[in-house]
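Please open the model in a viewer and keep the sequence panel beside it. The tour below proposes one selection after another and states what is found at each stop.

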Amino acid sequence: ANGEAEKSITLMTEYIEKNPSDKDVRYALMQAYISNNQADKALEEGSQLLLKDPNDIKVYRLLSRAYYQAELYDMSLLCAEKANEMLKGQAKDGAAVSDPGILNNMGVTHLTMEEEPLAIATFIEALKSDENNIEANLNLGFIALKSGDFTYALERFNSTLANDESNIMAKLGKAVAL
């Protein structure tokens with residue numbers, strides 16, 4: 001986070017050589033690779049983790065981010081969808097559970113792929129899972145601004161500000177919507 005990803009990668013790699021079963025450090029290593037624009041190494045690490053536990057939701061989430069960074073958007077979506085399906089499978093009493101963060105990332109990927117209708121549907125699904133999700137509210141707000149639906153955009157930005165009153169992006173979006 002402080003710009004020393006390479007140093008943290010070295011430290012974590014040395015630690016993992018002695019403690020290969022420490023999943024939390026291996027997750028952190030994947031994150032450091034992603035932060036250091038080394039998606040290929042994050043993908044390699046993720047593959048190794050999945051060999052040991054093919055049902056590791058966190059690995060699929062991280063792989064989704066690494067594939068996105070590598071501009072392999074279909075694979076990014078596939079990993080995100082897999083993580084979301086696994087999460088739903090863990091739900092108790094048949095309750096549908098989705099991770100709004102995963103859904104938001106899927107929506108951003110759809111936007112990158114110029115699939116705006118799918119992106120909108122995915123952001124809306126994220127809000128059904130958590131109506132206060134800041135990222136999904138912001139993304140829908142800016143899509144609404146772009147399309148000229150200032151009323152809906154204002155609703156999304158106000159929802160964001162209700163949960164994060166200092167969010168500069170929501171303030172900017174609200175000003176434009178007004």
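**First stop: Ser147**

Select Ser147, which belongs to helix H8. The model is a predicted one. With a relative accessible area of 57%, Ser147 counts as exposed, because the threshold for that class is over 50%. Display the side chain of Ser147 together with the backbone of Ala144: the side chain comes to 3.0 Å from the backbone oxygen of Ala144.

**The whole chain**

Now zoom out and show the chain as a cartoon. How many helices and strands does the chain contain? There are 10 helices and 0 strands, and the order along the sequence reads α-α-α-α-α-α-α-α-α-α. The C-alpha trace extends over about 55 × 40 × 30 Å along its principal axes. The chain has 178 residues, of which 41% are classed as buried. Of the contacts between residues at least 6 apart in sequence, 44% link residues at least 24 apart.

**The largest nonpolar core**

Select Leu29, Val59, Tyr60, Leu63, Ala66 and Met106 and show them as spheres. In the largest nonpolar core, which has 38 residues, these are the members that touch the most other members. Two or more residues of this core are given by each of H1 (5–18), H2, H3 (39–52), H4 (57–69), H5 (73–89), H6 (100–112), H7 (116–129) and H8 (134–147). Colouring these helices separately will help in following the core through the chain.

Leu29 merits a selection of its own. Beyond the residues up to four places away in sequence, Leu29 touches Ile9, Met12, Thr13, Ile16 and Glu45. Apart from the largest core there is another core, of 8 residues, including Leu138, Leu145, Leu161 and Ala177.

**Arg26 and its surroundings**

Next select Arg26 in helix H2, which covers residues 23–35. Is Arg26 buried or exposed? Its relative accessibility is 7%, so Arg26 counts as buried, the limit for that class being under 20%. Add Glu45 to the selection: the side chains of Arg26 and Glu45 are joined by a polar contact of 2.4 Å. To see the wider surroundings, also display Ile16, Pro20, Gln48, Leu49 and Lys52, which, like Glu45, are in contact with Arg26 when residues up to four places away in sequence are set aside. Two of these residues have already appeared on the tour, since Ile16 and Glu45 are also among the contacts of Leu29.

**The end of H2 and the loop after it**

Move along helix H2 to Ser35. This serine is partly exposed, at a relative accessible area of 48%. Add Ala5 and draw a distance between the two C-alpha atoms: Ser35 and Ala5 are 30 residues apart along the chain, yet their C-alpha atoms are separated by 6.8 Å.

Continue to Asn37, in the loop between H2 and H3. Its phi is near 55°, a positive value in a residue other than glycine. Asn37 is exposed, with a relative accessible area of 63%.

A second residue of this kind is Glu114, in the loop between H6 and H7. Although Glu114 is not a glycine, its phi is positive, at about 60°. Its relative accessible area is 74%, so Glu114 is exposed.

**The largest pocket**

Select Ile34, Ser64, Arg65, Tyr68, Gln69, Ser76, Asn105, Val108 and Thr109, and show a surface around them. These residues line the largest pocket, whose volume is about 160 Å³. Which helix supplies the largest share of the lining? That helix is H4, with 4 residues. Both H4 and H6 contribute at least two residues each. Sorted by class, the lining consists of 3 nonpolar, 5 polar and 1 charged residues.

**Last stop: Ser159**

Finish with Ser159, in helix H9 (residues 150–163). At a relative accessible area of 17%, Ser159 is buried. Display Glu131 and Asn137 beside it: leaving aside neighbours within four places in sequence, Ser159 is in contact with these two residues. The tour may be closed by comparing the two serines in the viewer: Ser159 is buried, whereas Ser147 is exposed.

Methods:
Residues are numbered from 1 along each chain as its sequence is written. This is a predicted model: local features need pLDDT of at least 70, side-chain atom pairs count only at pLDDT 80 or more; totals for chains, interfaces and linings use all residues. Side-chain values use heavy atoms; hydrogens and water are left out. Buried means under 20% relative accessible area, exposed over 50%, partly exposed in between (1.4 Å probe, protein chains only). A polar contact is a pair of N or O atoms within 3.5 Å; within protein, one must be able to donate a hydrogen and the other to accept it, and residues adjacent in sequence count only if both atoms are side-chain atoms. Contact means heavy atoms within 4.5 Å. A nonpolar core is a set of buried Ala, Val, Leu, Ile, Met, Phe, Trp, Tyr and Cys residues joined through side-chain atoms within 4.5 Å. On a 1 Å grid over the protein atoms alone, a cavity is a set of points where a 1.4 Å probe fits but cannot get out, and a pocket is an open set with protein on both sides within 12 Å along at least five of seven lines; lining residues have an atom within 4 Å of a point. Grid points are joined across faces, edges and corners, and a volume is the space filled by probe spheres set on the points. Ala, Val, Leu, Ile, Met, Phe, Trp, Tyr, Cys and Pro count as nonpolar, Asp, Glu, Lys and Arg as charged, and the others, Gly among them, as polar.
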